[in-house]
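Reader: I am new to this structure and would like the terms used for it explained. Please show it before we begin.

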Amino acid sequence: MYLAIRQAVAEDAPDVLRITKESFSLYQDELNVKYEVKALSETIETTLSDIVNHAVFVVERFGEMCGSIRVKKLSDDLWYIYRFGVSPKITNSGLGSALLDAAVTFAQNNGAKSIALHSNSKYYRLARYYYGKQFYVHSTSFDRGYVRALFVLDLTDGGVDLSPAFLQ
């Protein structure tokens, strides 16, 4: 299988937005949620802003973009992963893990001591996936209308101030 992972450029914004909408639509359908999934109201402008101002990685298989992940620096020690998704046509293929590895490596190479992300704690398959990648649940909240778990991956012995992640 021909596979390429690279950092997104401005011209990738439409495909990154398409992948985001596809993957988060599946998320919404599988959980049968009644709240607004913010990723589904994203625009080309917000996608482009993330590409320009943060790190967005994409995975291509046979020349077609099929996944993306975004990561941003919240403090000197803490980075945050968001809008992580792969096309529903190719889930469970290892491409998501390759993307996650790229984002973690990028953050670590740029000083991250911990990486955080949020996910619905009731999405068992996704929670189990993050546990398998050595993330743990730091805390939960109900501030968005569902049980939202803050998953953390410690890259060092911990001691990182996670408070900036609570605002995401």
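The exchange below takes up some labels and sets each against its value.

Author: One point comes before the others: this is a predicted model.

Reader: Why is Phe 62 called exposed?

Author: The relative accessible area of Phe 62 is 58%. Exposed means over 50%, so Phe 62 is exposed. Its place is in the loop between β2 (55-61) and β3 (64-73).

Reader: What makes the phi of Phe 62 worth a remark?

Author: Phi of Phe 62 is positive, about 55 degrees, although Phe 62 is not a glycine. Arg 83 is another such case: its phi is near 50 degrees, a positive value in a residue other than glycine.

Reader: Where does Arg 83 lie, and why is Arg 83 called partly exposed?

Author: Arg 83 lies in strand β4, which covers residues 78-86. Its relative accessible area is 22%. Buried needs a value under 20% and exposed a value over 50%, with partly exposed in between; therefore Arg 83 counts as partly exposed.

Reader: What makes Gly 158 partly exposed?

Author: The same reasoning applies. Gly 158 has a relative accessibility of 23%, and partly exposed lies between the 20% and 50% limits, so Gly 158 counts as partly exposed. Gly 158 is in the loop between β7 (148-154) and α5 (163-166). Its C-alpha atom is separated by 26 Å from that of Tyr 124, 34 residues apart along the chain.

Reader: How do you know whether Ala 55, in strand β2, is buried or exposed?

Author: Ala 55 has a relative accessibility of 2%. Buried means under 20%, so Ala 55 counts as buried. Ala 55 lies in strand β2. From Ala 55 to Thr 156 the C-alpha separation is 22 Å, and the two are 101 residues apart in sequence.

Reader: Why is Val 56 called buried, and what is its separation from Arg 6?

Author: The value for Val 56 is a relative accessible area of 1%. With the limit for buried at under 20%, Val 56 is therefore buried. Val 56 also lies in strand β2. Val 56 and Arg 6 are 50 residues apart in sequence, while their C-alpha atoms are 8.6 Å apart in space.

Reader: What makes Val 59 buried?

Author: Val 59 has 0% relative accessibility, and buried is any value under 20%, so Val 59 counts as buried. This residue lies in strand β2. Val 59 and Leu 95 are 7.1 Å apart, C-alpha to C-alpha, with their positions 36 residues apart in sequence.

Reader: Why are α1 and α2 called roughly perpendicular?

Author: The axes of α1 and α2 come within 9 Å and cross at roughly 110 degrees. Angles of 65 to 115 degrees count as roughly perpendicular, so α1 is roughly perpendicular to α2. The crossing of these two helices is right-handed.

Reader: How much space lies in the largest pocket, and which residues are closest to its centre?

Author: The largest pocket holds about 1,200 Å³ of space. It is lined by 45 residues, of which Phe 24, Arg 83, Phe 84, Leu 126 and Tyr 130 are the closest to its centre. Elements that give two or more residues to this lining include α1 (13-31), α2 (44-53), α3 (95-109) and α4 (124-132).

Reader: Which element gives the largest share of the lining of the largest pocket, and how do its residues divide?

Author: The largest share, 7 residues, comes from β4. The residues of the lining divide into 19 nonpolar, 15 polar and 11 charged. Arg counts as charged.

Definitions and conventions. Residues are numbered from 1 along each chain as its sequence is written. This is a predicted model: local features need pLDDT of at least 70, side-chain atom pairs count only at pLDDT 80 or more; totals for chains, interfaces and linings use all residues. Side-chain values use heavy atoms; hydrogens and water are left out. Helices (H or I, at least four residues) and strands (E, at least two) are DSSP runs, numbered from the N terminus. Buried means under 20% relative accessible area, exposed over 50%, partly exposed in between (1.4 Å probe, protein chains only). On a 1 Å grid over the protein atoms alone, a cavity is a set of points where a 1.4 Å probe fits but cannot get out, and a pocket is an open set with protein on both sides within 12 Å along at least five of seven lines; lining residues have an atom within 4 Å of a point. Grid points are joined across faces, edges and corners, and a volume is the space filled by probe spheres set on the points. Axes are lines fitted to C-alpha atoms, for helices over the stretch in contact, and angles run from 0 to 180 degrees between N-to-C directions. Angles under 35 degrees count as roughly parallel, over 145 as roughly antiparallel, 65 to 115 as roughly perpendicular and the rest as oblique. A crossing is left-handed if the near helix is turned anticlockwise from the far one by less than a right angle, and right-handed if clockwise.
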